[in-house]
Amino acid sequence: MNEFKNVDVKKIANIYFEGNVVSRNISLSDGSIKTLGVMLPGNYEFSTKKKEYMEILSGELELKLRDSKNWKTIKEGMSFNVPKNSSFKVEIKKLVNYCCSYLDK
């Protein structure tokens, strides 16, 4: 799916890491929450409260989940899951456009 219909968008962007990661929250008609964002090249670490499903729409990154010893290459068209109450590290190789879904289960 390349677009969402019937959504509410928060006007104020979420800005992290001195502006190198920027996202916007959207609420879908079914009550689900997503963020659409961009990550510039660099190294970042994120924490999670809910389970997250990350879709990489463009770009390339290296991913290391908190409980993993290895880094994994994630490219355009790929996705990954992050457990709730966890963290993950990314090294952005090429500018990344992403969609993050927050899951209750």
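## The nonpolar core

In this predicted model, the largest nonpolar core has 17 residues, and the members that touch the most others are M39, L61, F80, V90 and Y98. Strands β5 (42-47), β6 (51-65), β8 (79-82) and β9 (87-103) each supply at least two residues of this core. Strand β9 is the top contributor, giving 6 residues. If you wonder what sort of pattern this belongs to, nonpolar side chains in soluble globular proteins tend to be buried together.

Take L61 as a starting point for exploring. Leaving out residues up to four places away in sequence, L61 touches M39, I56, K72, T73, I74, V90, E91, I92, K93 and V96. Two names in that list, M39 and V90, also appear among the core members that touch the most others. Another two, E91 and K93, will come back below as partners in a salt bridge.

## The overall build

What is the chain made of, helices or strands? The protein chain has 9 strands and 0 helices. Reading from the N terminus, the order of elements is β-β-β-β-β-β-β-β-β.

How far does the chain reach in space? Along its principal axes, the C-alpha trace spans about 40 × 30 × 25 Å. Its radius of gyration is 13 Å, which agrees with the value near 13 Å that a compact globule of 105 residues would have. Of those 105 residues, 34% count as buried. The exposed surface of the chain comes to about 7,000 Å², and carbon and sulfur atoms supply 48% of that area.

It also helps to look at which parts of the sequence meet. Among contacts between residues at least 6 apart in sequence, 60% join residues at least 24 apart.

## Two cysteines without a bond

A disulfide is a covalent bond between the sulfur atoms of two cysteines. How many disulfides does the structure hold? The count is 0. The sulfur of C99 has its closest cysteine sulfur in C100, but the distance is 7.4 Å, so the two are too far apart for a bond. Seen from the other side, C100 is in no disulfide either, with the sulfur of C99 as its nearest cysteine sulfur.

Are these cysteines buried or exposed? C99 counts as buried because its relative accessibility is 3%. C100 is buried too, at 2% relative accessibility.

## Three salt bridges

The structure holds 3 salt bridges. One of them joins the side chains of K5 and E3, with 3.6 Å from N to O. K5 counts as exposed, since its relative accessibility is 61%.

In another salt bridge, the closest N and O atoms of D104 and K50 are 2.9 Å apart. D104 lies in the segment after β9 and K50 in the loop between β5 and β6, so this pair ties together parts that are 54 residues apart in sequence. With 67% relative accessibility, D104 is exposed, whereas K50 is partly exposed at 41%.

The side chains of K93 and E91 also meet in a salt bridge, at 3.1 Å from N to O. Both partners count as partly exposed: K93 has a relative accessibility of 41%, and E91 has 29%. As you saw earlier, both K93 and E91 are in contact with L61.

## A closer look at E45

E45 is a residue of strand β5, and its relative accessible area of 45% makes it partly exposed. Which residues does E45 touch, if neighbours within four places in sequence are left aside? The answer is F17, S87, F88 and K89. You can also compare E45 with R66: the two are 21 residues apart in sequence, and their C-alpha atoms are 9.8 Å apart in space.

## Two positive phi angles

Most residues other than glycine have a negative phi. N6 has a positive phi, near 55°, and is not a glycine. N6 is found in the segment before β1 (7-9), and at 67% relative accessibility it counts as exposed.

E18 is also a residue other than glycine with a positive phi, of about 55°. Where does E18 sit in the chain? Look in the loop between β2 (14-16) and β3 (21-28). E18 is exposed, with a relative accessible area of 84%.

Terms used:
Residues numbered from 1 in each chain as written. Predicted model: local features only at pLDDT ≥ 70, side-chain atom pairs only at ≥ 80, totals over all residues. Heavy atoms only, no water. Core = buried A, V, L, I, M, F, W, Y, C linked by side-chain atoms within 4.5 Å. Buried < 20%, exposed > 50% of the residue type's maximum accessible area, 1.4 Å probe, protein only. Helix = DSSP H or I, 4+ residues; strand = E, 2+ residues; numbered from the N terminus. Contact = heavy atoms within 4.5 Å. Disulfide = S-S within 2.5 Å. Rg over C-alpha atoms; globule rule 2.2 N^0.38 Å. Areas by Shrake-Rupley, 256 points an atom, 1.4 Å probe, with all protein chains shown as cover. Salt bridge = Lys/Arg side-chain N within 4 Å of Asp/Glu carboxyl O.
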